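Work through the following exercises with the sequence and the coordinates at hand. Each task is followed by a solution in steps.

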Amino acid sequence: MNSYSDPGQHIFWIASRAFGVMALVLVAVSVGMGLAMAMRSAKGPGAMAKLKQAHEATALTALILIAAHGLALLGDTYLRPGLAGIAIPFVTSHTPLWTGLGVVGGWLAAILGLTFYARRWIGPKLWRQMHRWTLVVYVLAVIHTLGAGTDAHSLWLIAILIATVAPIAVMAAVRLLPGDDPGQRRRPRRRIPLPSEPLPGSDPTGNYDYEVAR
């Protein structure tokens with residue numbers, strides 16, 4: 001059996017592809033949850049608190065998968081990207097533009113994800129302004145997938161992209177386009193607590209009266 005038919009010869013490449021697809025899906029889910037929180041879509045006792053916890057967990061898992069997606073390529077004997085190839089944008093020889101955009105998206109995801117834990121020092125206003133760039137992370141991930149992914153034309157990947165891009169595009173349009181209710185736009189913002197802080201309005205039953213700052 002030659003190297004072209006033996007998956008064992010390409011295990012790192014296969015692993016990187018798998019990590020990349022999982023990261024793409026989780027970034028989409030995380031961005032969707034963030035948009036839902038900003039739109040105050042979750043209703044019912046404790047709904048916003050549960051959505052916030054799921055959003056944080058999904059974002060952190062996505063960061064881990066993004067790192068695994070790049071690090072797995074270090075073992076690939078065909079590409080041999082080296083540490084610079086997976087960490088510095090546009091220096092790799094394999095589709096440098098599309099791969100470079102993926103590297104930019106990965107670093108941006110790491111910076112924006114970790115700023116949540118630095119919110120105490122950078123302030124809520126700057127944090128909100130920076131957090132809006134999370135949508136750009138997903139856009140870069142999609143462009144990277146279509147440009148550099150060897151599965152870009154596979155029906156299963158196209159189905160995943162359609163299933164994730166469509167709802168996010170609709171939610172982003174609703175969120176970003178000007179509303180018709182001036183009173184709603186003047187609604188006072190409430191502070192998002194840090195991970196180590198209790199959520200406002202908590203009670204012993206675990207119910208919360210919680211709203212996310214827009």
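The expected span of a helix is 1.5 Å times one less than its number of residues. The model used throughout is a predicted one.

**Exercise 1. Helix spans**

Task: compare the end-to-end distance of α2 with its expected span, then do likewise for α8.

Solution.
- Step 1. α2 has 25 residues, so at 1.5 Å a residue it should span 36 Å.
- Step 2. The end C-alpha atoms of α2 are 36 Å apart, which agrees with the expected span.
- Step 3. α8, residues 155-176, has 22 residues, and 32 Å is expected for it.
- Step 4. From first to last C-alpha α8 reaches 31 Å, close to the expected value.

**Exercise 2. Overall make-up**

Task: state how many helices and strands the protein has, and what share of its residues is buried.

Solution.
- Step 1. The count is nine helices and zero strands, so the order of elements from the N terminus is α-α-α-α-α-α-α-α-α.
- Step 2. Of the 214 residues, 35% are buried.
- Step 3. Take the contacts between residues at least 6 apart in sequence: 63% of these join residues at least 24 apart.

**Exercise 3. Buried faces of α2 and α8**

Task: list buried residues of the two helices and find what they pack against.

Solution.
- Step 1. In α2 the buried residues include Met48, Leu51, His55, Thr58, Ala62, Leu65 and Ala68.
- Step 2. The cover over the buried residues of α2 includes α1, α3, α4 and α6 (124-131).
- Step 3. Leu60 also lies in α2, but its relative accessibility of 45% makes it partly exposed. Its C-alpha is 9.3 Å from that of Ser30, a residue 30 places away in sequence.
- Step 4. In α8, Leu157, Leu161, Thr164, Ile168 and Ala172 are buried.
- Step 5. The buried residues of α8 pack against α1 (11-38) and α7 (134-148).

**Exercise 4. Nonpolar cores**

Task: identify which residues of the largest nonpolar core touch the most other members, and which elements supply the core.

Solution.
- Step 1. The core has 18 residues, and those touching the most other members are Leu24, Val27, Val31, Val137, Tyr138 and Ile168.
- Step 2. At least two residues of this core come from each of α1, α2, α4, α7 and α8.
- Step 3. The largest contribution to this core, five residues, is from α1.
- Step 4. A second core, separate from this one, has five residues, among them Met33, Ala36, Met48 and Leu51.
- Step 5. Return to Tyr138. Leaving aside residues up to four places away in sequence, Tyr138 touches Leu24, Val27, Ala28, Val31, Leu161, Thr164, Val165 and Ile168.

**Exercise 5. The second largest pocket**

Task: describe the volume and lining of the second largest pocket.

Solution.
- Step 1. The space in this pocket is about 950 Å³.
- Step 2. Its lining has 41 residues, and Ile66, His69, Gly70, Gly102 and His144 lie nearest the centre.
- Step 3. Two or more lining residues come from each of α1, α2 (47-71), α3 (82-87), α4 (96-115) and α7.
- Step 4. α1 gives the most, with eight residues.
- Step 5. By type, the lining divides into 22 nonpolar, 16 polar and three charged residues.

**Exercise 6. Loop residues**

Task: find the phi of Arg80 and of Thr95, and decide whether Phe116 is buried or exposed.

Solution.
- Step 1. Most residues other than glycine have a negative phi.
- Step 2. Arg80, in the loop between α2 and α3, has a positive phi, near 45°.
- Step 3. Arg80 has 61% relative accessibility; exposed means over 50%, so Arg80 counts as exposed.
- Step 4. Thr95 is in the loop between α3 and α4, and its phi is also positive, about 35°.
- Step 5. The relative accessible area of Thr95 is 27%, so Thr95 is partly exposed.
- Step 6. Phe116 belongs to the loop between α4 and α5 (119-122). Buried means under 20%, so Phe116, at 9% relative accessibility, is buried.
- Step 7. Phe116 and Arg128 are 12 residues apart along the chain, and 9.6 Å separates their C-alpha atoms.

Methods: Residues are numbered from 1 along each chain as its sequence is written. This is a predicted model: local features need pLDDT of at least 70, side-chain atom pairs count only at pLDDT 80 or more; totals for chains, interfaces and linings use all residues. Side-chain values use heavy atoms; hydrogens and water are left out. Helices (H or I, at least four residues) and strands (E, at least two) are DSSP runs, numbered from the N terminus. Buried means under 20% relative accessible area, exposed over 50%, partly exposed in between (1.4 Å probe, protein chains only). Contact means heavy atoms within 4.5 Å. On a 1 Å grid over the protein atoms alone, a cavity is a set of points where a 1.4 Å probe fits but cannot get out, and a pocket is an open set with protein on both sides within 12 Å along at least five of seven lines; lining residues have an atom within 4 Å of a point. Grid points are joined across faces, edges and corners, and a volume is the space filled by probe spheres set on the points. Ala, Val, Leu, Ile, Met, Phe, Trp, Tyr, Cys and Pro count as nonpolar, Asp, Glu, Lys and Arg as charged, and the others, Gly among them, as polar. A nonpolar core is a set of buried Ala, Val, Leu, Ile, Met, Phe, Trp, Tyr and Cys residues joined through side-chain atoms within 4.5 Å.
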